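Colleague: Before I take this model to the bench, I would like to go through the words used for it and hear what each one rests on. Could we take them in turn, with the value set beside the cut-off?

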Amino acid sequence: MLLAFLAISSLSFTQEKYTLSGYVSDEKGEVIAGVFVFIPNTSIGTMTNAYGFYSLTLPGGPYTIRFSFIGFKTKEADVDLTVSRKLNISLETLTSAIDAVTITAERKDENVKEINMSNVQIPARIIRRIPNLMGEMDIIKSIQLLPGVQSSVEGSSGFYVRGGNADQNLILLDGATVYNPSHLFGFFSVFNGDAVKNIELFKGGIPAEYGGRLSSVLDVRMNEGNTQKIKGNAGIGLISSRFTLEGPIIKDKMSFIISGRRTYADLLLPFATDTVAQNSTLYFYDLNAKINYQVNPNNRIFLSGYFGRDVNVFGNMFQMNFGNATGTLRWNHVYKDKLFSNLTLVYSNFNYDLGIPNGPMAFKWLSRIVDYSLRNDYSYYLNPNNTMKFGFQSTYHTIKPGTIESSTGSSFVTPLKYPDNHGIESSVFISNEQRLGSKLTILYGLRFSVFQNIGKGTLYHYNADYKVTDSTIYKSGDIFNTYTALEPRINIRLSLTDESSLKFSYNRMAQYLQLASNSTATFPLDMWFMTNPNVKPQKADQVALGYFRNFMNNSIEASCEMFYKKVYNAIDFKDHAVLAPQQYLEGELRIGDAWSYGIEFLLRKQTGKLTGWISYAWVRAIRQIPEINNGKEFPPTYDKPHNVSIVLNYEISKRFDASVNWVYSTALPVTVPTAGYYYGKIWVPEYSERGGTRIPGTAYHRLDVSLNYYFRTFKLESNLNFSIYNVYNRHNAFAIYFRDKNLAADSKGDEKGVEVIKMYLFPIVPAITYNIKF
């Protein structure tokens, strides 16, 4: 170590330098992102990128290189750099909490030392232990427990980050955009935990390589498959079953993974007593697949796909089906040890249909959004103090808002097709992470984005009253509108001590696709629409300042972050807007400003027998739009200022561990009737300001618990998971509406006014799941 320190201290421009590079993987052969690669007792080091690659350029000489990552045993390698060389490292997974305590003292403290703020990485193994509805591991529900991330209503898979809307989150699965992340109308997410390796969430300080959304990036990476031997696991729960198989096609060179999940409520419907239920179909499924091929030490190819669908057919009365499909083809290439390239082709498709399947009123409504994308990004490891990233991306969007098909013999609907919308969204970016001494690190970057509307298409012209006055038809291939945006990004980290640091971030984001929704919960049938000459792109500036401090030999992480975000050209909808697919959607929109601000606290422990986190966030979201609420400020429907989450896991023994989480949030804002009059016998209400009231007694809180029992079945690793969702049977509001008192079942017909009706979904819900590995 002393020799290494002296070598670095005596660094001069004339001294010969060599590059040490390679991949870091686990014992299965899967690469690990975010591993700290550093020289002990110095500030020299780097991190593996998203594909497990690292590169360090150093003066010639002997070094001890340490590789450290949470959940794995730290590993050291002695190297004598006399030439540039490759060094691939395999890290061993920690097998017990006791091991984790020992390793903690040796690892690099990423909470304090890394440049990113407002950023959380959650390994899938952590999420598996969090209690969830029906015992289903759920990535979206898990990130809703983080500070600054909110759910809307009970059971929803939509999430809201730092006062932003649900459509302002970029959700990626192996680089492909997932437009609808939910199953069963939001109660479950589309991500099968058995197929997922890592989850990373950016709430602010978003790197320049990401763009297209204002509030956050959720980057989900799939497992790549075991390159050493065939492995598998399966699970049977009350609502669904899962099966995963992975292994080598060519040992140490080529691997695969395939993972499926399906619910089976529909298998029980034929035994129902109701005729409609007997003829109904109700299920969802997921299928994840991936192939990983190491062509040679400098080239790797990945091919991955996701296919998921919800099927909901209620006899001959109604049907609604929706689903996602994504495909990613990726080529990683290493140029001369310092330059890493990633070339990616991506396909994404979200579609839905609804209608009446049979009979004289039969029809089907079809809609979808399709993306084709090309991305090429590079990491250039200039020297230990400078790591550059640069690249470009271009995506061709097609939105098919609606096609109505009328069945033979049906007279209910005339066949109709709304015009498709096409657009190209492109960007280039560059950034550099630069160390200025041992105390100060700066990450600065710039992204330039372009959006172009392309024919074939129809552009409608509106007057000041939002009425259509004319239209222009563009031929196929015509570019009839272009928007551009410069998006600067900067992160600054100032190290105060070995256990504490200050961080600052600023980012500007631009968004060219929006979601048409005026409900509290996200819904599969909400429509996406593009920026065009009538709708300017939304833009946002966010600044954040944070203090990060670790305690007890780095085993406990603490942070406090404050932020302010301003959104320009914020979109909302007029009162009583018609958001069903239609030609004149722009006439329903109203444009103004939005802003949010808040403070977040997080206390987290990732090692030892007791792990988990406690978080509190106070966040306010405000909008001001001239044509809404008489031009006065109002909160959006998801504004919940106070949010508390407690997530704890305790390893009782090698056979048992227990988990508990408790959440609390402020009641949602609602628009309530404050006065009214009778028109005959019908009560006609007059409403308050938009979102002007929070009804007492509707604050959200819930306690969940789970217990895992580990054992062997025929020498195979097994476990039983017992969970209880909503332990104390809290009736949390899913929807609140107001009813004329005369319409109540026990009304005598002479009562005046309205009454508040609260609808809830889930009482106490116990569940049991059996899991096995082979």
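Modeller: Let us begin with Leu 440, which, leaving out residues up to four places away in sequence, touches Gln 434, Arg 435, Ile 492, Arg 493 and Leu 494. Please keep in mind throughout that this is a predicted model. Leu 440 belongs to strand S29, residues 440-454, and its C-alpha atom is separated by 6.4 Å from that of Ser 495, a residue 55 places away along the chain.

Colleague: What makes Leu 440 partly exposed?

Modeller: The relative accessible area of Leu 440 is 25%; buried would require under 20% and exposed over 50%, so Leu 440 falls in between and is called partly exposed.

Colleague: Why is Ser 501 called buried?

Modeller: Ser 501, which lies in strand S33 (residues 500-511), has 0% relative accessibility, and because the cut-off for buried is under 20%, the word applies. Its surroundings can be listed as well: beyond residues up to four places away in sequence, Ser 501 touches Val 112, Arg 493, Leu 494, Ser 495, Leu 496, Gly 546, Tyr 547 and Phe 548.

Colleague: What makes the approach of Ser 501 to Val 112 a polar contact?

Modeller: The side chain of Ser 501 reaches the backbone oxygen of Val 112 at 3.0 Å, and since the limit for a pair of N or O atoms is 3.5 Å, the distance meets the criterion.

Colleague: How do you know that Asp 219 is buried rather than exposed?

Modeller: Asp 219, found in strand S17, has 4% relative accessibility, which is under the 20% cut-off, and therefore Asp 219 counts as buried. The side chain of Asp 219 makes a polar contact with the side chain of Arg 221 at 3.1 Å, while Leu 172, Asn 198, Ile 199, Glu 200 and Tyr 210 are the residues Asp 219 touches when those up to four places away in sequence are not counted.

Colleague: Which residues have the most contacts inside the largest nonpolar core?

Modeller: That core has 40 residues, and those with the most contacts inside it are Leu 146, Phe 159, Phe 191, Leu 218 and Val 220. Among the elements that give two or more residues to this core are strand S9 (119-123), helix H5 (139-143), strand S12 (169-173) and strand S17 (216-222). Val 220 itself, leaving aside neighbours within four places in sequence, is in contact with Ile 139, Leu 172, Leu 173, Asp 174, Phe 191, Val 196, Asn 198 and Ile 199.

Colleague: Why are S9 and S13 called edge strands?

Modeller: The sheet is open and has 5 strands in the order S9-S16-S17-S12-S13, with mixed pairing; S9 and strand S13 (176-177) each pair on one side only, and they are its edge strands.

Colleague: How do you know that S12 and S17 are paired?

Modeller: Pairing takes at least two bridges, and S12 and S17 have 5 in the parallel sense, so the pair qualifies. Asn 169 stands opposite Ser 216 in S17.

Colleague: Why is the pair of Trp 662 and Tyr 664 called stacked?

Modeller: The ring centres of Trp 662 and Tyr 664 are 6.4 Å apart, within the 6.5 Å limit, and their planes stand at 15 degrees, under the 30 degrees allowed, so the pair counts as stacked. A search of the whole structure finds 25 aromatic pairs.

Colleague: What makes Arg 300 and Arg 690 charges over a ring?

Modeller: Arg 300 lies over the face of Tyr 23, at 3.9 Å from the ring centre, and Arg 690 lies over the face of Phe 634, at 5.3 Å; both distances are within the 6 Å limit. Tyr 23 also forms one aromatic cluster with Tyr 51, Phe 53, Phe 340 and Tyr 381.

Colleague: What makes the backbone at Asn 630 worth a remark?

Modeller: Most residues other than glycine have a negative phi. Asn 630 is not a glycine, yet has a positive phi of about 55 degrees; its place is in the loop between strand S39 (610-624) and strand S40 (642-651). At 75% relative accessibility, over the 50% cut-off, Asn 630 therefore counts as exposed.

Methods: Residues numbered from 1 in each chain as written. Predicted model: local features only at pLDDT ≥ 70, side-chain atom pairs only at ≥ 80, totals over all residues. Heavy atoms only, no water. Core = buried A, V, L, I, M, F, W, Y, C linked by side-chain atoms within 4.5 Å. Buried < 20%, exposed > 50% of the residue type's maximum accessible area, 1.4 Å probe, protein only. Helix = DSSP H or I, 4+ residues; strand = E, 2+ residues; numbered from the N terminus. Contact = heavy atoms within 4.5 Å. Polar contact = N/O pair within 3.5 Å; in protein donor to acceptor, adjacent residues only side chain to side chain. Phe/Tyr/Trp six-rings, centres within 6.5 Å; stacked < 30°, edge-to-face > 60°. Lys NZ or Arg CZ within 6 Å of the ring centre and 35° of its normal.
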